[in-house]
Amino acid sequence: MTVLLVEDDAIVRSTLADFLEAAGCELREAESTPSARTILMNPAEGIVVLVTDINLGPGEDGLTLAAEARQQVPGLAIFYVTGSPERLRVRPPPPTERVFLKPFNPDDLVAAVLYALDQRQQDDRPAVTLTRS
């Protein structure tokens with residue numbers, strides 16, 4: 001189970017990646033929506049969590065990427081990081097998706113991602129049937 005981190009700012013991406021990897025997350029990184037789409041389209045990547053900036057540069061948008069990703073990966077957990085909360089007033093994400101406003105404590109994001117990974121792992125476990133002998 002892998003986390004995809006999409007952030008166009010290399011310093012922010014590297015910092016968040018360091019925190020996620022230190023927590024034991026398997027991580028893929030993308031600096032743009034086209035590279036993120038390539039990763040998301042490959043089922044072998046095993047992406048189950050998307051962490052994306054909302055502003056990804058000219059003509060690129062994390063909200064649109066997330067909408068596409070929801071269609072590509074059923075059950076995908078989505079987290080947004082942004083310094084532009086005004087964009088959320090125009091296009092608010094679904095209530096099941098969490099937003100972290102910059103600056104934020106990276107430990108809070110890591111905790112949310114780890115919780116999502118744990119929930120996904122529990123959902124993927126086979127049911128246990130108890131029988132009497």
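Which side chain meets that of glutamate 45 in a salt bridge? This tour of a predicted model begins with that pair.

**First stop: glutamate 45 and arginine 28.** Select both residues. The partner of glutamate 45 is arginine 28, with 2.5 Å from N to O in the salt bridge. Glutamate 45 belongs to the loop between helix H2 (33–40) and strand S3 (47–53), whereas arginine 28 is in strand S2 (residues 26–30), so the salt bridge ties together parts that are 17 residues apart in sequence. With a relative accessibility of 19%, glutamate 45 counts as buried, because the cut-off is under 20%. Arginine 28, at a relative accessible area of 30%, is partly exposed.

**Second stop: lysine 102 and its partners.** A search of the whole structure gives eight salt bridges. Select lysine 102 together with glutamate 7; their closest N and O atoms are 3.2 Å apart in a salt bridge. This pair links distant parts of the chain, 95 residues apart: lysine 102 is in the loop between S5 and H5, and glutamate 7 is in the loop between strand S1 (2–6) and H1. Now add aspartate 53, with which lysine 102 forms a salt bridge whose closest N and O atoms are 3.3 Å apart. Aspartate 53 is in strand S3, 49 residues from lysine 102. Shared partners thus join Glu7, Asp53 and Lys102 into one network of salt bridges. Within this network, lysine 102 is partly exposed at 30% relative accessibility, glutamate 7 is buried with a relative accessible area of 0%, and aspartate 53 is buried at 4%.

**Third stop: asparagine 105.** Remain in the loop between strand S5 (98–101) and helix H5 (106–124), where asparagine 105 is placed. A polar atom of the asparagine 105 side chain lies 2.8 Å from the backbone nitrogen of aspartate 107. Asparagine 105 is partly exposed, at 38% relative accessibility.

**Fourth stop: helix H1.** Select residues 10–22, the 13 residues of H1; at 1.5 Å a residue they should span 18 Å, which agrees with the 18 Å between the end C-alpha atoms. Colour Arg13, Leu16, Ala17 and Leu20, which are buried. Viewed down the axis of H1, the buried residues fall within an arc of 105°, so they line one face of the helix. Turn to the face away from the buried side to find the exposed residues Ile11 and Ala22. At the N-terminal end, aspartate 9 caps H1, with a side-chain oxygen 2.9 Å from the backbone nitrogen of isoleucine 11. Finish at glycine 24, which follows H1 and has a positive phi, near 95°.

Note on methods
Residues numbered from 1 in each chain as written. Predicted model: local features only at pLDDT ≥ 70, side-chain atom pairs only at ≥ 80, totals over all residues. Heavy atoms only, no water. Helix = DSSP H or I, 4+ residues; strand = E, 2+ residues; numbered from the N terminus. Buried < 20%, exposed > 50% of the residue type's maximum accessible area, 1.4 Å probe, protein only. Polar contact = N/O pair within 3.5 Å; in protein donor to acceptor, adjacent residues only side chain to side chain. Expected span 1.5 Å × (residues − 1). Arc of directions from axis to C-beta. Salt bridge = Lys/Arg side-chain N within 4 Å of Asp/Glu carboxyl O.
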